[in-house]
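Visitor: I would like a close look at a single part of this model, set out carefully and with its surroundings. Please take one helix and show how the rest of the chain relates to it.

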Amino acid sequence: MKTIKEKQEEIIEEFNVFDDWMDKYQLLIDLGNEQAPLDAQYKVEQNLIEGCQSRVWLHAVYKDGKVFFEAESDALIVKGLAGLLISVVSGHTPQEILENELYFIEAIGLKEHLSPTRSNGLLSMVKQIRLYALAFSQQ
């Protein structure tokens, strides 16, 4: 299995193929469309991410020492962002998630190309992923 760092490097490479931000947004939308829908039982208030303009649900399961994430959003770009995040961290140990900086967000230019509300939402998703990892690391 690839490390969190290797996965981030792949994403950076994939996004660096495009110079135009419209193409990068399209890539995010495509990623959002490829994601399997989140089971309705997980689309509950407690899985909603605070601070997101659109509705984003993040569900985590701890199994065999690893954390597995699923996410969905009612906005395609945000669904793509969530998909990117979970593709990097899902299937890793809580310790790996907590020890790795998610630098790909800045490296591909997401911070400066997202609206402030989307950027805040993205940071809220990262924070929630870390909170899950922290909680599961106590088990």
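Guide: What follows is an account of helix α3, its neighbours and the chain around it.

The model is a predicted one, and the chain as a whole makes a useful frame. Seven helices and two strands make up the protein chain, and along the sequence they follow the pattern α-α-β-β-α-α-α-α-α. For 139 residues, a compact globule would have a radius of gyration near 14 Å, and the chain agrees with this because its own value is 14 Å. Along the principal axes, the C-alpha atoms fill a box of roughly 45 × 30 × 25 Å. Buried residues account for 47% of the 139 residues, and of the contacts with a separation of 6 or more, 64% are between residues 24 or more positions apart.

Within this frame, helix α3 runs over residues 76-89, and its 14 residues reach 20 Å from the first C-alpha to the last, close to the 20 Å expected at 1.5 Å a residue. The helix is mostly covered, with twelve of its 14 residues buried. The buried residues are Ile77, Val78, Lys79, Gly80, Leu81, Ala82, Gly83, Leu84, Leu85, Ile86, Val88 and Val89, a list that includes a lysine, Lys79, as well as the glycines Gly80 and Gly83. Just after α3, Gly91 takes a positive phi of about 90 degrees.

Several of these residues can be followed to their partners, beginning with Phe104, which lies in helix α5 (residues 104-107). Phe104 counts as buried because its relative accessibility is 1%, under the 20% cut-off for that class. Setting aside residues up to four places away in sequence, Phe104 touches Leu84, Leu85 and Val88 of α3, and its contacts also include Gln8, Ile11 and Ile12. Between Phe104 and Tyr132 there are 20 Å from C-alpha to C-alpha, at a distance of 28 residues in sequence; Tyr132 is one of the buried residues of α7.

A second set of contacts leads to helix α7 (residues 116-137), where Leu122 is found. Leu122 is buried, with a relative accessible area of 3%, and beyond its neighbours within four places in sequence it is in contact with Leu81, Leu85, Ile105, Leu110 and Leu114. Leu85 thus appears among the contacts of Phe104 and also among those of Leu122. The 22 residues of α7 should span 32 Å at 1.5 Å a residue, and the helix agrees with this because its end C-alpha atoms are 31 Å apart. Among the residues buried in α7 are Ser119, Gly121, Met125, Val126, Ile129 and Phe136, and the cover over its buried residues includes α3 together with β1, β2, α4 (94-99), α5 and α6 (110-113).

The loop between β1 (56-63) and β2 (66-73) offers a contrast, and Asp64 has its place there. Most residues other than glycine have a negative phi. Asp64, although not a glycine, has a positive phi of about 55 degrees, and Asp64 counts as exposed because its relative accessibility is 74%. The C-alpha atoms of Gly65 and Leu122 are separated by 26 Å, with their positions 57 residues apart along the chain.

Turning to the surface as a whole, the accessible area of the chain comes to about 7,600 Å², and 50% of that belongs to carbon and sulfur atoms. The chain carries 13 positive and 22 negative charges, whose mean positions are 4 Å apart.

Key. Residues numbered from 1 in each chain as written. Predicted model: local features only at pLDDT ≥ 70, side-chain atom pairs only at ≥ 80, totals over all residues. Heavy atoms only, no water. Expected span 1.5 Å × (residues − 1). Buried < 20%, exposed > 50% of the residue type's maximum accessible area, 1.4 Å probe, protein only. Rg over C-alpha atoms; globule rule 2.2 N^0.38 Å. Contact = heavy atoms within 4.5 Å. Areas by Shrake-Rupley, 256 points an atom, 1.4 Å probe, with all protein chains shown as cover. Lys, Arg positive; Asp, Glu negative; His and termini not counted. Charge placed at Lys NZ, Arg CZ, Asp CG, Glu CD.
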